[in-house]
Amino acid sequence: HIASGGLMGPGVESVPLIFATLSDSFGLEILGTHYPDGEDAIFPTGTLVYGGVTFIAYSAHAIGSSPDIQVDPYEPRLAAFDGDWNLLLDTKVSTEDGAGHVHPTVAAIGDTLYYAWSRKSTTGSPAPQVLIERYQLDIQ
């Protein structure tokens, strides 16, 4: 499975997450879309299937915000979907300003989900700080 953020620009009202599968001949089959409430979804760089649940780590900010990430930084988000692409969870991982497009990544070791993302430095340095959040997984 792959996930993609939609295109941003003038006249675009909302940017969804797009779920697809890629065939052996590189044909793309759209499985579904998800529109986060009041937010544009972009840069879904982390995907993970665990226990039949697909987790997608992505960046988001308010619909109609400036596309300039220095003016309106993105925040890290995590969405989870069942095998039929029904939404199970869509939550902000943090409300802190991300650095750039946040570049979220997810991985699981045992029953722990790790979510890594980049935030703006709290020391004023131009280099981002990478944070790793941990969540206990309990999937039945």
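Two strands count as paired if DSSP finds at least two bridges between them. Strands are DSSP runs of E covering at least two residues, numbered from the N terminus. Under these rules β6 and β7 pair in the antiparallel sense over 5 bridges, with alanine 79 opposite aspartate 90 in β7.

The structure is a predicted model, in which local features need pLDDT of at least 70, side-chain atom pairs count only at pLDDT 80 or more, and totals for chains, interfaces and linings use all residues. Residues are numbered from 1 along each chain as its sequence is written, and side-chain values use heavy atoms, with hydrogens and water left out.

**Confidence**

The pLDDT, the predictor's confidence in each residue on a scale from 0 to 100, averages 82 over the protein, and 90% of the residues score at least 70. Among the elements, strand β8 (residues 105-109) has the highest mean pLDDT, 95, and strand β1 (residues 2-5) the lowest, 53. Over residues 7-11 the pLDDT is below 50; this stretch has 8 contacts in the model beyond near neighbours in sequence, a contact being heavy atoms within 4.5 Å. Where pLDDT is low, the predicted coordinates should not be read in detail.

**Sheets**

The pair β6 and β7 belongs to an open sheet of 4 strands in the order β4-β5-β6-β7, with antiparallel pairing. Its edge strands, β4 and β7 (87-92), each pair on one side only. A further open sheet has 3 strands in the order β8-β9-β10, and here too the pairing is antiparallel. In this sheet the edge strands are β8 and β10 (129-136), each pairing on one side only. β9 and β10 pair in the antiparallel sense over 8 bridges, and serine 118 stands opposite valine 130 in β10.

The table gives the average turn between neighbouring strands, direction ignored. Axes are lines fitted to C-alpha atoms, for helices over the stretch in contact, and angles run from 0 to 180 degrees between N-to-C directions.

| Sheet order | Average turn between neighbouring strands |
|---|---|
| β4-β5-β6-β7 | 20° |
| β8-β9-β10 | 25° |

**Nonpolar cores**

A nonpolar core is a set of buried Ala, Val, Leu, Ile, Met, Phe, Trp, Tyr and Cys residues joined through side-chain atoms within 4.5 Å. Buried means under 20% relative accessible area, exposed over 50%, and partly exposed in between (1.4 Å probe, protein chains only). The largest such core has 17 residues, and Phe55, Leu78, Val106, Leu113, Tyr115 and Trp117 have the most contacts inside it. Two or more residues each come from β4 (39-50), β5 (53-62), β6 (75-81) and β9 (112-119). A second, separate core of 9 residues includes Leu17, Ile56, Tyr58 and Ala79.

**Aromatic pairs**

Rings of Phe, Tyr and Trp (its six-membered ring) pair if their centres lie within 6.5 Å; planes under 30 degrees apart count as stacked, over 60 as edge-to-face and the rest as tilted. The count comes to 3 aromatic pairs. One of them, phenylalanine 19 with tryptophan 85, is stacked, at 4.6 Å centre to centre and 15° between the planes. Phenylalanine 19 lies in strand β2 (residues 17-22) and tryptophan 85 in the loop between β6 and β7, so this pair ties together parts that are 66 residues apart in sequence. Phenylalanine 19 is buried, with a relative accessible area of 1%; tryptophan 85 is buried as well, with 17%. Tryptophan 85 also forms a tilted pair with phenylalanine 81, at 5.8 Å centre to centre and 50° between the planes. Phenylalanine 81 is likewise buried. Ring pairs thus link Phe19, Phe81 and Trp85 into a cluster.
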